[in-house]
Amino acid sequence: MNFLFRLLLLATSLSSLNLAHSQIAIDAYSKEIKALQTEEAIDAYWKHLENLDQKVQLHSDNIRQHDSISLSLLIRTALMFEIHSPKSYKPNNTVPMLNIAHNWNGEALLAFWPIILECKKTGGVIDVFGGTYPAYELEAISMAFYRFSLFNQEDKYDALMKHIKVSEDKPISKKLFEIYNKDLELYRLSEKEANGKWFIQSFKDTKEVETFEFVTMSNGLLYVKTGERIQKLILTDTKEKSKLFRIENEPFGWVYELTNDGHLSLKDEPGTTLINYTKV
C-alpha cells in the first residue's frame, strides 16, 4: 500500500468513530472503493474493514455508535461486491461473517443475506465459521430479532432457510443505507409508556440478567425495547385471552403471545412454544 492510500484508510477509520452523530458517507465509500485498482489494494481494503471491526467497532461502548459503525461496515462490504464483483472476495476472507456477527439489526442482516449466499458459493472459511454453515448465519438473525439462540437445533435449519427471501429490487448497499436512515428516525423517538417487562431467555431453561420491554413510543406505536434498541411490533391476531405480535420484517413467522394477565411467550410458525418468559 502506498502512503496516500494509508492516509485514506486512516481518515476513513477516524470518521467512523463519529458515525453516531453524522450521516454515513455512502458516496465517499463508493468513491474510495472504485479507486482500488489492483488486487493488492483490494486485499488491503478488506484487511482495513477487518481492522475497523476488530479495533474500532468492538471497542465502542456506545450502542448508537456501535450500530452505526456496524451498518457502515455492511455497506462497504456490499459495495466491494457491487463494484469489484464477488471475485474480489477470497475463501479466507472473514469480513462478511464478522459483519453479521457484530450487527444487531435484523432487517440489515436480511438485506445483507445475498452477500452471505455469494460467500457460500466461494466456500472456504464460511463453511466452518462459528460452526457448520448455516448455523452461525441463522443464529445471527434469530438473536438479532428475538435474542433467541438456535444452538444445537440443526433440525430447524432447513425450514428456516426457506423462509429467508432474497429481493433484487435495488442494490444491497442502497437498502442498507435506507435501513441506517430508518434507524436514525427510531432513535429520535422517546418512550411514552411501558407495557410489560421480561427477562431475556436465549435458551429455554435459562434466565439472563438483561431484560426487554414492550413500550409505546412517542409516535403512538408499540415496540419491543432491548437496551437502547427498539423494533416495531405488529399486532397479527387478537384472541379471547391473548394477543399475537410479530416483529416487523422478521422472516421466520415467529410471534410473541401476550396474555391478558401479562404472560409472554415466543412461538414458532406452527405454534410451538419456544420460550416462556419470566416477568420482571
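Two exercises with worked solutions follow, on the cavities and the salt bridges of this structure.

The model is predicted, with local features needing pLDDT of at least 70 and side-chain atom pairs counting only at pLDDT 80 or more, while totals for chains, interfaces and linings use all residues. Residues are numbered from 1 along each chain as its sequence is written, and side-chain values use heavy atoms, with hydrogens and water left out.

**Exercise 1.** Determine how many cavities of 30 Å³ or more the structure holds, and describe the lining of the second largest cavity by residue, element and class.

*Solution.* Begin with the term: on a 1 Å grid over the protein atoms alone, a cavity is a set of points where a 1.4 Å probe fits but cannot get out, and its lining residues have an atom within 4 Å of a point. Grid points are joined across faces, edges and corners, and a volume is the space filled by probe spheres set on the points. The structure holds 2 cavities of 30 Å³ or more, and the largest has about 60 Å³ of space.

The second largest cavity has a volume of about 40 Å³. Its lining consists of Arg 64, Asp 67, Ser 68, Leu 71, Tyr 180, Asp 183, Leu 184 and Tyr 187. Two or more of these residues come from each of helix 4 (63-84) and helix 9 (172-187), where helices are DSSP runs of H or I with at least four residues, strands are runs of E with at least two, and both are numbered from the N terminus. By class, the lining divides into 4 nonpolar, 1 polar and 3 charged residues, with Ala, Val, Leu, Ile, Met, Phe, Trp, Tyr, Cys and Pro counted as nonpolar, Asp, Glu, Lys and Arg as charged, and the others, Gly among them, as polar.

**Exercise 2.** For the salt bridge between Arg 229 and Asp 67, work out which elements hold the partners and whether Arg 229 and Asp 67 are buried or exposed.

*Solution.* A salt bridge is a side-chain nitrogen of Lys or Arg within 4 Å of a carboxyl oxygen of Asp or Glu; the whole structure has 15 of them. In this pair, the N to O distance is 2.9 Å. Arg 229 belongs to strand 4 (residues 229-238) and Asp 67 to helix 4, so the bridge ties together parts that are 162 residues apart in sequence.

For burial, the classes are buried under 20% relative accessible area, exposed over 50% and partly exposed in between (1.4 Å probe, protein chains only). Arg 229, at 19%, is buried, and Asp 67, at 10%, is buried.

Methods: On a 1 Å grid over the protein atoms alone, a cavity is a set of points where a 1.4 Å probe fits but cannot get out, and a pocket is an open set with protein on both sides within 12 Å along at least five of seven lines; lining residues have an atom within 4 Å of a point.
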